[in-house]
Amino acid sequence: MIRLCSHLATVKKIKNVTTLYLHEDKHLSKVYDYCICSKLITKERGEMVHWTRTNRLALNPEKTELLWFCTPRRVHQLSRLPVMIGDIAIDPAAQVRLLGVIFDSTLSFGNHMSAVSRACHCQLRRIREIRRYISISAATQVVRALVVSKLDYCNGILLGLPDYQLDRLQSVLNAAARLIFNVKWHAHVTPLLRDNLHWLKIPERIAYKRCMLTYRALNDTTCPDYLSGLIHRSTRLDSVRQLRSSRRIRLRVPPPSKTVVLGERSLTRGNPLLWNALPDEIAAATSFESFASKLNTHLFRSSYGD
């Protein structure tokens, strides 16, 4: 599967999916130049074909997809012409699915949210048919396995989305809580989530996932370089002045991006902002389990108040 941003190629191989990213080059005058992008994709695909043949693998041309990424203001500038990759003409897609996540050109994830919400409500309807025959404990386990797991899957990419988008997933979580305790649809759900289930709300669940990823990037030696290389402690940078605050475990926050909305959601900026907002005792946790427990408590209090 091929994802196209603009210039400079990076290849990622995830299980049986090969993804080609072309990143923007500041020296490229026209980001959406059809001829340049077509040549770059063809060149990089040739290298991928050589790699796969060397490792006794094969690419499936019929499943190759092409997607342009841009800001909402530049959607009208995207080329609709097919791109020739070898002997195959590939039309740009409006959306693509990668490892279960639906990406669109503006990274709004609207279609992905709709798909997740639809799948969760389908499972809730099935659980409702057997709810009278199982206990609250069993219903909780079933809902966690079939519904909450879908809400938590790859939810880190939803950081920074508008509240009206996240409210769609929160409504699913609310419906799941009402189903577990078999109460009416109009019943107040906050006591169920806070006092009985001890579940975080959707924004806090997203922040939890991002902070856990950051902790692993900083402390886990087995973390992939493409993640750990994007997170930097502020005290390890020669350019940062050695102040008293530099002894605190804080991360370097890159300057704001030109694309404010997308830039704030990126791993290189979004994760440090979340991490730097954590209390020192949480950031200084010495074990993964201790950090996870303290972080969950902190986010729980932020979600529902003390």
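Leu-99 sits in the loop that joins strands β5 and β6, where helices (H or I, at least four residues) and strands (E, at least two) are DSSP runs numbered from the N terminus. This is a predicted model, in which local features need pLDDT of at least 70 and side-chain atom pairs count only at pLDDT 80 or more, while totals for chains, interfaces and linings use all residues. Residues are numbered from 1 along each chain as its sequence is written, and side-chain values use heavy atoms, with hydrogens and water left out.

Although Leu-99 is not a glycine, its phi is positive, at about 55°. Most residues other than glycine have a negative phi. With a relative accessibility of 37%, Leu-99 counts as partly exposed, given that buried means under 20% relative accessible area, exposed over 50%, and partly exposed in between (1.4 Å probe, protein chains only).

The hairpin around this loop has two residues between its strands. β5 (residues 95-98) and β6 (residues 101-104) pair in the antiparallel sense over four bridges, pairing being assigned if DSSP finds at least two bridges between two strands. Gln-95 of β5 has Asp-104 of β6 as its bridge partner. In a regular strand the side chains alternate between the two faces of the sheet. Along β5, Val-96 and Leu-98 accordingly point to one face and are buried, whereas Gln-95 and Arg-97 point to the other and are not buried.

A second positive phi of about 55° in a residue that is not a glycine belongs to Asn-182, which lies in the loop between helices α4 and α5 (190-197). Asn-182 is exposed, with a relative accessible area of 56%.

Helix α4 (residues 163-181) also meets helix α3 (residues 136-152): their axes come within 9 Å and cross at roughly 165°, the axes being lines fitted to C-alpha atoms, for helices over the stretch in contact, with angles from 0 to 180 degrees between N-to-C directions. α3 is therefore roughly antiparallel to α4, a term for angles over 145 degrees.

Helix α6 (residues 202-219) has 18 residues and an expected span of 26 Å, which agrees with the 26 Å between its end C-alpha atoms; the expected span is 1.5 Å times one less than the number of residues. Among the buried residues of α6 are Ile-202, Ile-206, Cys-211 and Leu-218.

Finally, the structure holds zero disulfides, a disulfide being a pair of cysteine sulfur atoms within 2.5 Å. The sulfur of Cys-122 is too far for a bond because the closest cysteine sulfur, in Cys-120, is 9.8 Å away.

How values were computed. Parallel < 35°, antiparallel > 145°, perpendicular 65-115°, else oblique.
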